Structures are given as C-alpha cells and as structure tokens.
Amino acid sequence: MNKPIEPNSFRTGPDEQGMFGIFGGRFVAETLMPLILDLQQHWDEAKTDPEFQAELKSLSTYYAGRPSKLYFAEGLTRHLGGAKIYLKREDLNHTGSHKINNCLGQILLAKRMGKTRIIAETGAGQHGVASATVSARFNLPCVVYMGATDVERQKPNVFRMKLLGAQVNPVSAGHGTLKDAMNEALRDWVTNVHDTYYLIGTAAGPHPYPEMVRDFQAVIGTEAREQIQEQEGRLPDAIIAAVGGGSNAIGLFHPFLDDRDVRIIGVEAGGRGLDGVEHCASMSAGQPGVLHGNRTYLLQDKDGQIIEGHSISAGLDYPGVGPEHSFLRDTKRVEYMPILDDEALEAFQLTTRVEGIIPALESAHAIAQAVKLAPTMGKDQVIIVNLSGRGDKDVHTVAGMMGMEI
Amino acid sequence: MTTRIDARFAKLKDEGRPALVTYFMGGDPDYATSLKIMKAMPGAGTDVIELGMPFSDPMADGPAIQAAGLRSLKGGQTLAKTVQMVRDFRVDDNETPIVMMGYYNPIYIYGVERFLQEAGEVGVDGLIVVDLPPEMDEELCVPALRAGINFIRLATPTTDEKRLPKVLENTSGFVYYVSMNGITGSALANTGDVTEAVKRIKSHTDLPVCVGFGVKTAEQARVIGASADGVVVGTAIVNAVANVLGPDGQMTADPADAVATLISGLAQGVRQARLAHAG
C-alpha cells in the first residue's frame with residue numbers, strides 16, 4: 001500500500017492565465033476580453049469577501065435547502081450485493097438539481113458587477129430553470145438559449161422557465177443541442193456586452209468560468225466528504241459522477257482530489273457506442289482542441305470541425321468538457337469511462353424501483369457505473385454517487401425509449 | 001521587409017483613398033466557384049482580400065456567414081484546400097494582399113508550424129483569428145510574426161485606452177476596427193462614433209486602420225472610408241453568393257459575376273470617400 005508520494009497537489013489550478021496544464025485559457029473575441037477581465041477582478045474580490053460569502057451561504061441554506069443529504073441507498077446496495085452505495089442528493093435542492101449552487105453564486109456576482117440582464121445556455125433545461133429561478137428571485141430579466149431539439153425533448157423544463165418569467169430562445173443551428181445554444185448565447189453576449197451577464201452553467205468556457213463554477217459547485221464534495229466521515233467514519237473508496245460539461249462532477253471531485261486513496265470516476269455519455277459518432281465521450285474518444293473559450297478534449301474531425309454528438313440525456317449532449325476534467329484525465333487522477341444510453345436507462349429504472357427515487361438521465365449514467373462497479377467491491381467498501389438531479393423532466397424521453405405513450 | 005499589405009496601403013496612401021477589403025468564404029459553395037470569385041475580386045476593385053476559413057462553430061458570426069461556412073464545409077472544404085486556394089490564386093496575381101480569417105481550432109488541429117510554413121510558401125500575407133486575443137499570443141500570433149506573416153488584431157468599442165496598447169503590441173499589417181459590439185452582419189454603428197474610434201486608434205499607432213462589421217453599401221463605404229484607411233465588407237458579399245443559389249444549392253446565376261458587380265459599386269464608394277477633402 002506504500003504509494004510514492006506525489007509532490008504536487010491536484011487542487012492548485014488554474015494558473016494566472018487560466019490554464020490547467022495545457023487546458024483552459026481565454027480563447028474569446030476581443031469584444032469580450034475586457035468584460036472577462038472585469039469578471040475575474042470581481043470574482044477575485046468576491047472570493048475573499050465575507051459579506052459575499054455570507055449572503056451566498058444564507059441563500060444556499062434557506063433558499064436552496066443545503067446541505068443536501070448523503071443518503072445510504074440500501075435498496076441499490078442490497079440489489080447489487082457489493083460495496084455500500086451512498087447517493088449525494090443534489091436532486092433535493094430547490095429547482096431539482098445541482099445547478100442552483102452555481103446560479104446563486106453567479107447571480108450575486110452579476111449584481112455586484114451592476115449587470116442588469118442575464119443570459120444563459122441550457123441543455124436539459126436544468127441550468128435554464130435554475131437561471132430563470134435566480135433571475136426571478138433577484139428581479140432581473142433572463143434570456144435562455146436552448147437547442148431546438150432539446151426544447152422538444154425537455155418540454156416540462158421549457159414551461160417552467162417561461163412560468164419563471166424567462167424568455168426561451170430555441171436555437172435551430174446544428175443538431176439544436178447544447179453546443180448550438182452556447183454559440184448563440186456567446187453571440188448575444190458579444191452584442192449586449194455593456195449590460196449583460198452570461199451565466200454559464202457548466203465548468204467550461206473562458207477563464208475564470210471553469211474555476212468559478214467549480215468553486216460554487218465544490219460545496220457538493222465538501223459536504224459529502226464531511227458527511228461520509230460522520231456516517232461511515234472514513235473516506236469513500238470510490239466517488240462517481242456524470243460528466244457533460246462536468247460541473248456536478250468537478251464539484252464532487254475537487255475536495256477529494258488530494259485524497260489519493262479515493263478512486264474517482266467520471267462517466268461520459270457513451271450514447272449508442274464509441275465506434276461511430278453517436279456518443280458524447282469527448283475524453284474517451286476525442287482530442288484536445290479549442291471551442292467556447294477554452295482548450296479541452298473535443299469531438300472533432302481531422303480538419304478540426306466540431307462533431308455533433310448524441311446522448312439520450314440532453315444534459316450530457318455536448319461535444320466538449322470542462323478543461324479541468326481534461327487536465328485530470330491526462331494526469332490520470334480521474335478515470336473517465338463511457339456509459340451507453342441503454343445502460344443509463346436500465347439504471348434509471350432500477351433506481352426508481354428499488355429506491356423510489358427517479359434520477360435525472362444524466363445522474364443515471366453515474367448510477368450505471370456504480371451498478372458495474374459495486375458488485376466487484378467488498379461489502380465493507382463505500383461508493384458515493386452524485387445524484388445530480390431529479391428525473392421528472394425525463395419521463396417523456398424514457399417513455400419514448402420504452403415504447404410507451406403518456 | 002515590406003509585405004504585400006504594407007506595399008498596398010502605401011500605394012493607396014499616395015492615391016489618397018482608402019482600401020476596399022473584401023471578405024468571402026473559401027469553398028462557398030464549392031472550391032472551383034469560390035476560386036473564381038476570388039480571382040474576380042481584384043479586377044472588380046478589391047484592394048485586399050480576406051479569405052474566410054470555414055469553422056463549424058463561428059461564435060462571432062451572424063447568420064449569413066454561419067450559413068456560408070456550413071455550405072463550404074458541406075462542399076468538402078478543408079483548411080488544406082483553403083491554403084491551396086491561395087496557391088491557385090497566386091498563379092496570376094502576386095500583388096493583391098491575402099489575409100486568411102477564421103477561428104483557431106482548425107489551425108490548431110492542422111498544426112501551427114505546418115500551417116504557417118505552408119501559408120508562407122503559398123503567399124498568405126496575414127491572419128485574422130477571431131478567438132485569439134492578446135492574452136493568447138503565444139499560440140499563433142508570435143509564431144506567425146516569426147514566420148513573416150502579419151497578425152491582424154481586432155480592436156472593438158470595448159477596447160478602452162488602457163487596453164489598446166496591449167491589443168496593438170503584436171499587431172502588424174493593419175488594425176481591424178470592429179465598428180460595434182456584436183456579430184458580423186449587424187446594422188452599421190453610428191458613423192460619428194466610428195470616426196472618433198478610428199482617430200483614437202490612430203493616435204496610438206502608425207498602422208492603417210480598417211473598419212468592418214456592418215458595412216454593406218457603397219454609400220456606407222464612402223462615409224466610413226472618409227476617416228478609415230480601409231473599409232471591410234463581408235456579409236454583403238457572402239449574401240451575394242447566397243442570393244444566386246437555389247433552394248437545393250444549384251446556381252441560378254454566376255456567383256463570381258454577382259460578387260464582382262457588388263464590389264464594383266463598393267469600389268466607387270471608397271473612391272469617392274476623400275473627394276471632399278481632396279477637392
């Protein structure tokens with residue numbers, strides 16, 4: 001068990017240029033640069049401002065409902081017959097997913113910067129709903145860009161956003177998914193840079209977004225690390241989260257990165273398999289490139305044109321990933337593995353039946369990995385799975401996959 | 001070293017008129033047609049050519065240039081072919097400056113050194129890469145300057161006094177002033193503001209300042225050209241190509257003729273830009 005002592009912490013990135021190794025950076029049009037530098041300055045100040053932190057803490061507690069529970073999933077554990085499975089219940093947060101953690105932090109920052117209009121991109125609609133929610137709470141107009149395909153497959157969330165007063169702009173370019181929504185949000189931002197705050201939903205984009213979103217989401221891992229020590233008296237053997245852009249995953253992982261005995265697994269959307277192009281496993285099957293303000297692993301062809309992926313889960317349907325994940329992949333601190341649509345669907349149904357919890361399809365990918373892993377581990381071992389969101393929004397998609405009409 | 005860009009702007013300065021800089025999308029709608037458009041440009045009145053490199057996700061472009069890029073990619077265009085286009089153009093024109101414009105990822109994937117070497121060999125004079133601000137100069141700007149290729153930087157209304165020197169620091173060839181905060185093809189900004197901005201930039205640099213984003217007509221070219229050293233027209237040209245394509249992409253007229261007609265009009269605009277001053 002004597003592992004060589006690794007000299008460097010995995011938790012020190014990014015550097016001043018916003019780089020995690022070769023990943024990250026600020027690959028944006030000049031129009032946005034002054035704003036991004038301004039954002040960075042406000043963020044640097046807010047990080048250490050007790051008043052900002054206190055306001056965020058108060059909203060997290062009384063508005064979002066933190067801390068979220070770490071739940072021992074007895075049904076899943078018994079069913080799988082191996083390691084004990086704990087679920088970090090981000091699905092119980094206000095708005096039904098981890099997205100609220102980041103949105104509360106960023107809306108306070110937007111206010112601090114004097115911005116009067118919020119824009120956001122969304123895939124599954126969870127971030128769109130969370131953005132619309134905090135915008136309603138702080139009385140700011142909100143425009144959400146959402147791929148036309150996603151508008152179709154996430155109707156309940158579209159309606160929620162509209163109820164919350166947001167304007168939902170469908171984007172029909174490309175496959176009409178998260179990538180296209182992000183392009184259009186960037187175009188809006190560049191046009192309305194004077195009054196608009198771009199509330200990016202994942203730990204990607206130009207520096208300082210990947211760091212900032214991670215820090216707002218790290219509450220997940222910080223809580224889970226304390227909770228498991230209270231409940232089990234020790235750290236887990238493995239932690240698992242689904243990775244689209246990767247904000248729930250980096251939020252869970254980051255506080256554990258220097259706990260070298262904790263195995264960390266990020267689950268990518270394997271779609272219909274990695275052989276063709278119908279997946280979104282950028283780290284398993286892509287290569288480093290530059291898109292949406294950062295260098296990271298991307299699905300692309302040999303000419304550097306971005307390839308549209310596929311996933312059953314709108315929230316994972318993105319051809320890139322946050323740059324810190326790319327760094328953690330290359331340094332091998334985190335293992336990234338694909339889970340297929342069918343495997344996720346099975347895990348979705350299993351969790352629903354044996355736990356009475358309907359997980360988001362995104363989270364079902366992480367559970368599916370635990371389904372594979374738990375039986376290979378001892379009964380005294382412990383896995384934490386990030387249940388990043390609830391699955392009510394996905395019932396139409398799942399019904400369709402099961403050949404049912406509702 | 002005097003580059004084609006330097007020589008061209010020096011010549012136009014002697015003539016007392018601004019440059020007409022015309023953008024088109026390489027490979028739109030196909031390689032052969034696009035090369036024909038490019039070859040027609042100088043004769044119609046273009047002084048500097050901006051050759052668009054298509055990218056699947058052009059985040060600073062409006063619908064017209066987005067669509068042009070997709071047509072081009074659908075037609076099989078690659079970065080290698082866009083470089084080849086310059087080689088084919090140079091067979092009978094070794095004077096018109098060519099600036100390649102696009103996004104970083106295709107160049108990054110092609111390999112920066114390989115790209116710069118080939119671009120230099122075929123006669124590319126400058127590069128405009130939208131998503132490489134000065135903070136990322138080590139990626140492509142510095143290697144390009146080392147390879148003798150101009151790196152033309154965009155300055156925008158958000159580039160304030162404090163930041164302008166940083167933006168100008170490694171810029172060469174000319175400065176491209178983006179007339180408004182927004183994407184290509186939007187409405188032209190208030191021309192008074194543009195004139196002020198050009199003056200402001202010129203107080204920081206001896207480089208020519210060209211103005212783009214939103215210039216579509218000869219009249220606009222005339223007005224902008226009164227203060228700027230060059231006027232960039234892009235979306236209007238890309239639209240001229242789109243307008244002669246049928247619903248299935250078949251050509252209903254010659255795109256090269258359509259573009260040449262448009263450019264002739266714009267060229268008259270820039271030639272009248274300084275008449276009031278000269279006169």
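**Helix packing and annotated residues in chains A and B**

Trainee: Which residues of H9(A) do A:Asn101, A:Asn102 and A:Gly105 in H4(A) meet?

Mentor: This is a predicted model, in which local features need pLDDT of at least 70 and side-chain atom pairs count only at pLDDT 80 or more, while totals for chains, interfaces and linings use all residues. Residues are numbered from 1 along each chain as its sequence is written, and chains are lettered from A and ligands numbered from 1 in the order in which they are written. Helices (H or I, at least four residues) and strands (E, at least two) are DSSP runs numbered from the N terminus, and two residues are in contact if their C-beta atoms, placed from the backbone, lie within 7 Å. On the H9(A) side, the residues met are A:Val213, A:Phe216 and A:Gln217.

Trainee: How are H4(A) and H9(A) oriented to each other?

Mentor: Their axes, lines fitted to C-alpha atoms over the stretch in contact, are 8 Å apart at an angle of about 120°, where angles run from 0 to 180 degrees between N-to-C directions. Angles under 35 degrees count as roughly parallel, over 145 as roughly antiparallel, 65 to 115 as roughly perpendicular and the rest as oblique. The two helices are therefore oblique.

Trainee: Is A:Lys99 buried or exposed?

Mentor: A:Lys99 lies in helix H4 of chain A, and an unreviewed UniProt entry annotates A:Lys99 as "modified residue: N6-(pyridoxal phosphate)lysine"; such annotations may be inferred rather than shown by experiment. A residue is buried if 20 or more other C-beta atoms lie within 10 Å of its own, exposed if 12 or fewer, and partly exposed in between. Because A:Lys99 has 31 C-beta neighbours inside 10 Å, this residue counts as buried.

Trainee: Where is B:Asp61 placed in chain B?

Mentor: UniProt, in an unreviewed entry, places the feature "active site" at B:Glu50 and B:Asp61. B:Glu50 is in strand E2 (residues 48-52) of chain B. B:Asp61, buried because 26 other C-beta atoms lie within 10 Å, touches B:Gln66, B:Ile183 and B:Thr184, not counting residues up to four places away in sequence. The place of B:Asp61 is the loop between E2 and H3 of chain B.

Trainee: Which element gives the most to the side of chain B that touches chain A?

Mentor: The contact takes 33 residues from chain B and 27 residues from chain A. Helix H3 (63-74), helix H5 (104-110) and strand E6 (154-155) of chain B are the elements that give two or more residues to the chain B side. With six residues, the element that gives the most is H5(B).
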